[in-house]
Every structure is written in structure tokens, then in C-alpha cells.
Amino acid sequence: MTAAVIDQATHLRSLMETTGPATSAAAAPRRRAAVVAITSGKGGVGKSNIAVNLAIKLSMAGKETILLDADLGLANADVLCNMDLKSNLSHVINRTKSLQDVIAHGPGGFGLIGGASGLARMADLTDNDRQRLVDAMAELEQRADVILVDTGAGISPNVLTFTRAADHVLVVTTPEPTAITDAYAVVKVITRQAAADGNAHDGTHRRISLLVNQVRSAGEARVVHERIAKVAKQFLNVKVFDAGYVLSDEAVPNAVRRRTPFVVGSPRSAASQCIAHLAMRLEQGVAAAPMSTGGFFERMGRWFRR
């Protein structure tokens with residue numbers, strides 16, 4: 001690494017400071033958080049690892065960041081961070097804890113809301129239970145700059161509830177043929193669902209972007225993105241944005257074994273630099289323009305009530 005290489009953390013911090021909302025003498029109402037749903041067509045592509053390390057990078061850059069582990073039944077963000085959560089969203093649903101009680105401080109300063117297998121019974125909750133949970137979580141949108149939602153893999157109703165209400169859906173895949181096929185399936189289902197809801201993916205509302213994980217080169221990632229983007233444009237008439245890639249890096253499995261996120265344990269690794277680029281891309285394409293049709297949890301509440 002030469003002196004000409006830009007310090008990614010400094011660059012990201014500077015970018016976020018200069019692209020933040022303008023200030024004035026009169027205090028303006030704080031805009032709500034931008035919400036990014038991170039999903040994948042199949043498990044094992046590194047989605048949760050991406051979510052955790054992205055949350056840390058955004059938080060270290062000065063963004064108030066909250067990670068909601070909504071991978072129902074398989075929540076593991078706490079394991080990746082070596083955290084022992086005493087409570088999670090199931091306690092909020094059961095009325096034994098408030099939302100504030102279940103927010104834990106993760107590495108780098110982000111707030112972690114742990115999920116639980118009990119959350120998979122969301123469809124069985126009463127209307128009052130659902131609304132109470134949505135109302136409690138809606139408070140987060142006034143406190144945070146960015147809310148990352150780590151959904152489950154696949155196209156189950158629980159996953160789609162989160163993706164249909166987010167400002168931006170980040171689909172994670174790998175170069176494996178099965179992962180590429182499943183990633184496109186997710187894009188197709190999200191797009192068709194948006195059409196059924198009366199929403200268009202025209203770049204002015206919810207965005208869908210693709211992140212290619214565990215690639216050997218930028219060229220390999222470009223081929224994967226172009227393949228999915230071309231088919232999505234041709235058959236779905238939707239633009240799939242390029243969120244970049246994360247290089248295959250031994251620092252990543254080492255970090256998982258140590259239960260220390262790689263942007264913390266190996267900040268100068270190739271994978272960490274890729275996460276910094278991802279954070280910058282999301283800041284440029286998401287945080288500046290959240291959807292105007294109500295907050296994330298307000299929209300999510302509407303889907304619950306259907």
C-alpha cells in the first residue's frame with residue numbers, strides 16, 4: 001500500500017459530512033433515517049457478515065446506525081460480534097422489555113437489535129401486538145441516520161415484508177451459478193410485488209442494487225452484475241444498481257472464527273476497503289433520498305394489517 005492510497009475511513013467521514021443535510025440558524029426537523037434491507041436469494045453468501053461490517057463502518061464514519069437482525073429463526077449478528085444479548089425483539093413482543101432495553105452497543109458504536117426464532121410467529125400476533133411493535137420501532141427513525149435490516153435469505157413472506165417497505169434493497173450474491181440464479185429470483189419477486197402494490201422501481205422510489213461477495217477480481221464482479229442487470233432490464237424493466245463487490249479475503253473467515261468483525265480486526269484488508277466503498281455508494285445513492293410515502297415502520301405496519 002503506497003502513500004497515494006486514500007485513507008478510506010477519512011474519505012468516508014469527509015464524504016458523509018459534506019453530503020449531510022444543510023444546517024441553518026433555525027433548527028430544522030430531523031429527517032427520518034434511510035432504511036436499507038440487506039437480503040439474498042440463498043443462505044451462505046455472507047449477507048449477515050456484510051450487514052455487521054457495514055454497520056460498523058457507517059458508525060465509525062459518524063452516522064448514527066442501527067442494525068436490526070431480522071433473519072428470523074437464524075439471527076446471528078450477535079455471534080459475529082461476540083456479543084451476549086440478554087434480550088431481543090421477542091421480549092418487546094412479549095411485553096417484558098421496551099425497545100430501548102433491547103438495543104445493544106456493537107463494535108464501532110452501532111446499535112444492534114437482536115432477532116429471535118419467536119419472531120417468526122409474527123403472522124400470529126394480534127393487531128394490537130403488531131401495531132405496538134411497529135410504533136415502538138418507528139421511534140428509531142427519528143434517532144438514527146441509517147437503519148440496516150438484515151433479512152432472512154429467500155423469498156418468504158417475512159423477508160418480503162421488510163424489503164417492500166425499505167428505501168433501498170441490497171441483494172447480496174456470490175459468483176456461484178446457483179447464487180446468481182437465486183439473486184435474480186429475489187429481484188423478480190420484489191419487482192413484481194412492487195408492481196402489485198402500485199409502486200414503480202424507476203429510480204425515484206425504492207432502489208434495488210447488487211453486491212457481489214467473495215469475488216476474485218473486480219472484473220468477475222462486473223460480469224455477475226451485468227448478467228443480472230441485463231436480464232432484469234429486459235424482462236422486468238427494472239434497473240439493478242451496482243453496489244460493488246467484496247473481494248475474497250482470508251481476513252473474513254479468520255474474523256468469523258475470532259468473532260471479531262473484519263473491519264475492526266483487519267481494517268486495512270482488501271475486504272475492509274471494499275466495505276468502505278460500499279458505505280460510500282450507499283451514502284450517495286440512499287441516505288440523501290429516502291422514500292416519501294411514510295416511514296419504514298409505518299409502511300411495514302400497513303403490510304401487517306393487510
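How many bridges join β1 to β6? Keep that in mind, everyone, and we will get to it in a few minutes. Hello, and thanks for coming. What we are looking at today is a predicted model, so please hear everything I say as a description of that model.

Let's begin with the whole chain. It has 306 residues, and buried ones make up 53% of them. The secondary structure comes to 14 helices and 8 strands. Among contacts with a separation of 6 or more, residues 24 or more positions apart account for 80%. As for the outside, the accessible surface comes to about 13,900 Å², and 52% of that belongs to carbon and sulfur atoms.

Now to the strands, and back to my opening question. Find strand β1, residues 34-40, on your screens. The answer is 5 bridges: that is how many join β1 to β6, and the two run parallel. If you want a place to look, Ile-38 stands opposite Leu-170 in β6. β1 has another partner too: with strand β5, residues 146-153, it pairs in the parallel sense over 6 bridges. There, Ala-34 has Val-146 of β5 as its bridge partner.

Is β1 buried or exposed? Buried: 7 of its 7 residues are, so the strand is largely enclosed by the rest of the structure. Look at which way the residues point. Ala-34, Val-36, Ile-38 and Ser-40 go one way, while Val-35, Ala-37 and Thr-39 go the other, and all of them are buried.

Let's walk on from β6, residues 168-173. This strand pairs with β7, again in the parallel sense, over 6 bridges. One spot to check is Thr-173, which stands opposite Val-212 in β7. Strand β7 itself covers residues 207-215, and 7 of its 9 residues are buried, so this strand is also largely enclosed by the rest of the structure. Next comes β8, residues 240-247, which runs parallel to β7 and is joined to it by 7 bridges. Here Ser-209 has Phe-241 of β8 as its bridge partner. To get from β7 to β8 the chain passes through helix α10, and this β-α-β crossover is right-handed.

That brings us to α10 itself. The helix holds 19 residues, 218-236, and at 1.5 Å a residue they should span 27 Å; the end C-alpha atoms are 26 Å apart, which agrees. Which residues of α10 are buried? They are Glu-220, Ala-221, Val-224, His-225, Ile-228, Ala-229, Ala-232 and Leu-236. These cover an arc of only 155 degrees around the axis, which puts them on the same side of α10. If you wonder how a spaced-out list can share a side, remember that an α-helix has 3.6 residues a turn, so residues three or four places apart point the same way. On the other side of α10, Lys-230 and Gln-234 are exposed.

One more α10 residue is worth a look: Val-223. With a relative accessible area of 43%, Val-223 is partly exposed. Val-223 and Pro-175 are 48 residues apart in sequence, yet 9.1 Å apart in space, C-alpha to C-alpha. And just after the helix, Asn-237 takes a positive phi of about 55 degrees.

Helix α11, residues 251-258, offers a similar exercise. Its buried residues are Ala-251, Val-252 and Ala-255. Seen down the axis they fall within an arc of 100 degrees, so they line one face of the helix. Just after α11 comes Arg-259, with a positive phi of about 60 degrees although it is not a glycine. Arg-259 sits in the loop between α11 and α12, and at 33% relative accessibility it counts as partly exposed.

Asn-82 is another non-glycine with a positive phi, of about 55 degrees. Its place is in the loop between α3 and α4, and it is partly exposed, with a relative accessible area of 48%.

I'll finish with a glycine. Gly-111 lies in strand β4, residues 111-113, and is buried, with a relative accessible area of 8%. What is it in contact with, leaving aside its neighbours within four places in sequence? The list is Thr-65, Ile-66, Leu-67, Ile-103 and Ala-104. Gly-111 and Glu-64 are 47 residues apart in sequence but 8.3 Å apart in space, C-alpha to C-alpha. Thanks for listening!

Note on methods:
Residues numbered from 1 in each chain as written. Predicted model: local features only at pLDDT ≥ 70, side-chain atom pairs only at ≥ 80, totals over all residues. Heavy atoms only, no water. Helix = DSSP H or I, 4+ residues; strand = E, 2+ residues; numbered from the N terminus. Expected span 1.5 Å × (residues − 1). Buried < 20%, exposed > 50% of the residue type's maximum accessible area, 1.4 Å probe, protein only. Arc of directions from axis to C-beta. Contact = heavy atoms within 4.5 Å. Areas by Shrake-Rupley, 256 points an atom, 1.4 Å probe, with all protein chains shown as cover. Pairing = 2+ DSSP bridges. Right-handed = clockwise from strand over helix to strand, strands pointing away.
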